[in-house]
Amino acid sequence: MIIGTAGHIDHGKTALVKALTGVDADRWKEEQARGITLDLGYAYQTLDDDLSLGFVDVPGHERLIHNMLAGATGIDHVLLVIAADDGPMPQTLEHLQILSLLGLERGTVALNKCDRVDEDRLAQVTAGTQALLRDSALADAPILPVSAITGQGLAALKDHLHRQARLQGERRHEGRFRLAVDRCFTLGGTGTVVTGTVHAGQVRVGDHLCLSPSGLNVRVRGLHAQNQPAERGLTGQRCALNLTGPHLTREAVSRGDWVVDPDLHHPAVRLDARLRVLADAPGPLTHWTPVHLHLGAARLMARVAVLEGEAIPPGADGLVQLVLSQETHALRGDRFVLRNVSARRNLGGGLILDPWGPARGRRTASRLALLRAWEQNDPLAALRQALPQAPGGLNLETLSRQWNLDPTEQTRLADTPDLLTLESPAGPVAFDPGVWQDLKTRTLKQLGEEHAHHPDRLGPDRERLRRRVAPALARPVFAALVDELLAAGAVRQQAPWLHLPDHCLHLSPDQETLWQNQILPLVQADPFNPPRVRDIARALSRDETHIRALMQRLTAMGQVCRIAHDHYFHREAVAELEAIVRELSDTEGAALAAPFRDRIGTGRKVAIQILEYFDRIGYCRRVGDEHRVFRDSLWRMR
């Protein structure tokens with residue numbers, strides 16, 4: 001169990017930790033000389049039954065609240081220290097506010113220096129403390145009189161903390177590994193060491209991890225858990241990780257960084273959250289207020305974008321987007337605290353709902369409804385509530401990363417019978433069945449409108465239809481939707497063109513003769529590089545405009561495909577080219593222009609134009625100079 005101290009300066013937090021553990025948590029000579037804690041200190045105590053207590057001692061001075069906040073991250077139990085002679089003081093209240101904003105509900109109050117007061121004063125301070133705690137998260141915390149100097153009450157405090165550690169039991173170690181770095185240093189012969197509290201998962205010697213938000217890859221060369229050499233560290237433990245990596249230096253790591261599983265490294269700059277403004281805030285928190293954001297062990301500058309109305313009054317809560325001045329690591333469920341721009345007082349705090357908020361559309365009704373769904377504590381319940389607000393579906397890989405779910409929980413979401421789950425290259429995408437049906441209805445309606453507006457065309461290709469119906473929908477997902485419509489007979493396909501079953505095009509008798517007897521032989525003579533419109537017109541001694549109009553008509557009918565300007569390929573040739581692209585993608589991982597050109601025997605320009613055509617109509621996706629196939633054949637007859 002990790003215990004964090006809290007309380008006003010000079011109320012004896014460090015002395016009490018030393019009395020409980022025998023360890024002086026003041027690490028610096030200046031701290032020991034002045035008798036004032038300036039930075040975080042650490043002490044450990046091993047219990048008889050192999051349990052251990054880790055103490056994080058925080059400074060109490062008002063100018064060092066940022067250090068206190070860095071230490072409050074990840075603790076399990078609060079030890080609020082109040083001097084019996086002084087009673088509750090300003091930083092007592094300030095620390096208590098912070099603990100409440102961080103959602104810390106388990107704690108103990110130690111009335112220190114009780115040897116300095118008589119029974120009446122002790123009773124008076126006890127009553128004042130109870131009144132202070134009445135409306136806080138520590139309302140039910142026991143209040144124990146102690147003296148770090150004489151030892152009075154220490155045995156009872158120790159026994160109480162030990163009981164709390166045993167009652168807490170073993171923490172669940174679910175999710176991918178996350179550690180909030182609150183200290184970094186270099187040891188001779190060892191290298192770079194970072195310390196912090198493990199927020200999720202577990203880590204072993206030899207694991208490959210990532211520093212976030214910098215993205216540096218590191219390996220765990222050794223570790224200590226609860227101040228003891230260990231082979232693994234677990235959720236809830238304080239760990240020291242000896243890290244190594246090709247670009248790792250002491251200067252590359254600082255307090256506020258995270259050491260995470262590589263899959264969790266997705267730096268964030270816009271955090272959508274539920275924010276509660278403190279009741280004693282000086283006034284409403286208005287839109288675009290600059291603040292200090294304390295998240296994990298980090299302190300960052302941010303702006304508060306109020307998503308509901310223009311301000312949040314004192315004592316109220318609301319949805320906000322925290323727009324950061326620099327990247328950080330965050331996940332859904334992380335707690336944060338906001339302080340004013342001068343860093344002199346607490347403003348409020350809350351819970352991260354989505355660490356990757358959008359830059360646009362953040363105040364739309366559907367977006368706000370989605371954020372309210374993410375307030376559910378159960379990810380499946382949240383998913384069910386969110387899906388009706390997600391016309392493009394929700395990627396379960398992204399959701400799993402956002403909530404840091406383990407594989408078992410991911411599978412539970414994907415296999416939920418009343419949800420529709422589709423596979424895509426970016427991972428499974430979940431849909432509400434009603435939303436999916438609405439997408440199919442809109443697709444059929446759009447095809448009908450296309451036929452009404454362009455009766456001389458057979459229909460759009462998949463990519464054009466997707467842009468008209470649901471431009472935000474991923475290509476593979478829309479391809480699955482179209483395949484369902486094709487299988488049901490609601491839509492038909494001619495080459496890449498899609499149309500309703502009762503819509504068709506025909507050539508006039510003269511056009512059919514010209515096409516079958518004169519143009520088709522020319523196009524098929526060199527199928528992978530057929531003549532352009534001007535060359536066909538010249539060979540047949542025909543008007544170029546007339547040939548172009550006929551080729552456009554044939555394109556609308558699905559007989560030919562317009563690869564580039566005035567360059568039309570027969571559908572059978574395009575089907576063969578598609579097969580070659582698929583083969584290169586399967587064997588080489590992607591289709592590149594040079595090997596594709598060599599296979600089809602054309603110039604580089606024509607080869608690139610063909611690959612770009614496949615990308616335009618939604619058969620493959622271009623990544624740099626590579627074209628990667630992501631769906632089945634486009635050329636099936638339906």
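This is a short dialogue on reading a predicted model, from its overall form to one strand.

User: How many helices and strands are there in the protein?

Analyst: The protein contains 19 helices and 32 strands.

User: What does the radius of gyration say here?

Analyst: The value is set against that of a compact globule with 638 residues, which would be near 26 Å. The protein has 33 Å. Its C-alpha atoms fill a box of roughly 115 × 55 × 45 Å along the principal axes.

User: How much of the protein is buried?

Analyst: A residue counts as buried when its relative accessible area is under 20%. In this model, 53% of the 638 residues are buried. The exposed surface is about 27400 Å², with carbon and sulfur atoms supplying 48% of it.

User: Which residues account for the contacts with a separation of 6 or more?

Analyst: Of those contacts, 67% are between residues 24 or more positions apart in the protein.

User: How should I read a single strand, such as S1?

Analyst: Look at its cover, then at its two faces, then at its partners. Strand S1 spans residues 2-6, and 5 of its 5 residues are buried. Ile 2, Gly 4 and Ala 6 point one way, while Ile 3 and Thr 5 point the other way.

User: Which strands pair with S1?

Analyst: One is S3 (residues 52-57), which runs parallel to S1 and is joined to it by 3 bridges; here Gly 4 stands opposite Val 56. Another is S4 (residues 77-83), paired with S1 in the parallel sense over 4 bridges. In that pairing, Ala 6 stands opposite Leu 80.

Methods:
Residues numbered from 1 in each chain as written. Predicted model: local features only at pLDDT ≥ 70, side-chain atom pairs only at ≥ 80, totals over all residues. Heavy atoms only, no water. Helix = DSSP H or I, 4+ residues; strand = E, 2+ residues; numbered from the N terminus. Rg over C-alpha atoms; globule rule 2.2 N^0.38 Å. Buried < 20%, exposed > 50% of the residue type's maximum accessible area, 1.4 Å probe, protein only. Contact = heavy atoms within 4.5 Å. Areas by Shrake-Rupley, 256 points an atom, 1.4 Å probe, with all protein chains shown as cover. Pairing = 2+ DSSP bridges.
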